[in-house]
Amino acid sequence: MNRPLDLDTPASFRADRQVDVLIPTRNRPAELAVTLAGLAAQEGVPGFGVVVSDQSDGEPAYADPAAATMVRALRHRGHPVLLTRRLPRRGLAEHRAYLLAASAARYVLTLDDDVWLEPGALHRLVTALEDLGCGFVGNGVHGLSYVEDLRPETHGRYEEWIGPPTPERIRPGTPQWNRAQIHSAANLLHVTERLAPPPGAWRAYKISWIGGCVLYDRAKLVDSGGFDFWRRLPEKHQGEDVAAQLAVLARHGGAGILPSGAYHLESPTTVTERDVEAWEVVLADEDTPQPA
């Protein structure tokens with residue numbers, strides 16, 4: 001019999017750690033269990049914390065026996081886990097803002113509830129962010145059902161940073177915006193196989209944005225506005241991660257990290273109503289000339 005979980009409390013969880021992992025979830029108990037299992041197998045980043053915020057229609061996903069076992073495994077391995085619910089739903093950006101406010105860590109990993117991290121992925125991301133000193137680094141997620149679908153026309157979007165990343169102002173319609181094509185399907189995996197980096201090595205490359213697995217310097221994310229733009233959005237939106245990353249890129253720079261240890265579970269989305277792109281609203285506000 002699966003006994004009730006201790007949810008922990010926000011006050012006891014919030015601490016000056018190196019890393020917290022922030023996971024929003026809704027109606028995905030199986031996927032959440034896989035995501036947590038990937039975290040439980042990470043090495044080289046001792047004591048990282050995990051916050052799971054649930055917006056499921058019924059019972060929270062973390063109450064499922066498989067997910068609950070992975071919560072217990074994380075705690076057994078020395079990782080604090082805070083389990084919360086954020087209802088009623090006010091949209092993806094508000095949920096991200098809520099998760100960010102729950103952490104006082106130096107770095108925060110925004111991890112979707114349908115991404116499995118291979119062992120060593122978190123340590124590689126932390127090492128890269130410390131070495132590069134930019135606002136964020138990320139792992140583009142691989143879709144392994146596309147592994148036989150070669151798209152060489154996208155591989156030219158891959159461009160490495162020479163030296164630390166510098167701030168970039170990126171907008172739709174520019175060549176830089178098209179960098180996102182490298183993260184579709186299994187494109188990044190094919191680029192990685194071609195470059196064949198030696199074991200333990202990583203490379204930083206230029207991006208427009210990355211979905212699913214992004215490690216931020218929390219202070220630099222907050223300095224760039226975090227997800228506070230949620231108040232300007234209707235509930236039914238998407239693209240909140242794009243909006244936040246564009247702001248951080250403009251102030252502090254960012255990079256993708258190859259190889260990526262992030263794998264998309266390719267489950268059906270639980271965000272079925274996407275009336276507005278958050279980044280379109282945010283960019284329209286920023287780019288509108290202000291009265292003198």
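**Exercise 1. Aromatic pairs**

Determine how many aromatic pairs a search of the whole structure finds, and work out how the pair of Phe136 and Tyr216 is to be classed.

*Solution.* The search, carried out over the whole of this predicted model, finds five aromatic pairs. A pair of aromatic rings is described by the distance of the centres and the angle of the planes. For Phe136 and Tyr216 the ring centres are 5.6 Å apart and the planes stand at 50 degrees. Planes under 30 degrees apart would count as stacked and those over 60 as edge-to-face, so the pair of Phe136 and Tyr216 is tilted.

The next step is to place the two rings along the chain. Phe136 belongs to strand β6 (residues 136-138) and Tyr216 to strand β8 (residues 213-217), so that the pair links parts of the chain that are 80 residues apart. Phe136 counts as buried because its relative accessibility is 0%, and Tyr216 counts as buried because its value is 1%.

The rings of Phe227 and Phe229 can be treated in the same manner: with centres 6.1 Å apart and planes at 55 degrees, this pair is tilted. Phe227 is buried, with a relative accessible area of 2%, and Phe229 is buried at 7%.

**Exercise 2. Charges over rings**

Identify the rings over which the charged ends of Arg17 and Lys206 sit.

*Solution.* The charged end of Arg17 is found over the ring of Phe13, at 4.2 Å from the ring centre. For Lys206, the charged end lies over the ring of Trp161, at 4.7 Å from the centre of that ring.

**Exercise 3. The open sheet and its helices**

Establish the order of the strands in the eight-stranded open sheet, find its edge strands, and state which strands helices α5 and α9 lie across.

*Solution.* The order of the strands is β3-β2-β1-β4-β8-β6-β10-β7, and their pairing is mixed. The edges are formed by β3 (81-85) and β7 (203-205), each of which pairs on one side only. On average, and with direction ignored, neighbouring strands of the sheet are turned by 25 degrees against each other.

One pairing can be followed in detail: strands β1 (residues 19-25) and β2 (residues 49-54) run parallel and are joined by six bridges, and Pro24 has Ser53 in β2 as its bridge partner.

As for the helices, α5 lies across β1, β4, β6, β7, β8 and β10 (254-258), and runs at about 40 degrees to β8. Helix α9 (residues 240-252) lies across β6, β8 and β10, likewise at about 40 degrees to β8.

**Exercise 4. The nonpolar cores**

Find which residues have the most contacts inside the largest nonpolar core, and which helix gives the largest share of that core.

*Solution.* The largest nonpolar core has 44 residues, and those with the most contacts inside it are Leu36, Leu39 and Val50. Its largest share, seven residues, is contributed by helix α5 (residues 121-132). Beyond neighbours within four places in sequence, Leu36 touches Ile23, Val50, Val52, Ala67, Met70, Val71 and Leu74. A second core, separate from this one, has 37 residues, among them Ala102, Tyr216, Ala243 and Val282.

**Exercise 5. The surroundings of Asp112**

Locate Asp112 among the strands and list its contacts beyond neighbours within four places in sequence.

*Solution.* Asp112 is placed in the loop between β4 (107-111) and β5 (115-117). With those neighbours left aside, Asp112 is in contact with Ile23, Thr35, Arg96 and Gly212. Thr166, by comparison, lies 54 residues from Asp112 in sequence and 26 Å from it in space, taken from C-alpha to C-alpha.

Key
Residues are numbered from 1 along each chain as its sequence is written. This is a predicted model: local features need pLDDT of at least 70, side-chain atom pairs count only at pLDDT 80 or more; totals for chains, interfaces and linings use all residues. Side-chain values use heavy atoms; hydrogens and water are left out. A nonpolar core is a set of buried Ala, Val, Leu, Ile, Met, Phe, Trp, Tyr and Cys residues joined through side-chain atoms within 4.5 Å. Buried means under 20% relative accessible area, exposed over 50%, partly exposed in between (1.4 Å probe, protein chains only). Helices (H or I, at least four residues) and strands (E, at least two) are DSSP runs, numbered from the N terminus. Contact means heavy atoms within 4.5 Å. Rings of Phe, Tyr and Trp (its six-membered ring) pair if their centres lie within 6.5 Å; planes under 30 degrees apart count as stacked, over 60 as edge-to-face and the rest as tilted. A charge sits over a ring if NZ of Lys or CZ of Arg is within 6 Å of the ring centre and within 35 degrees of the ring normal. Two strands pair if DSSP finds at least two bridges between them. Axes are lines fitted to C-alpha atoms, for helices over the stretch in contact, and angles run from 0 to 180 degrees between N-to-C directions.
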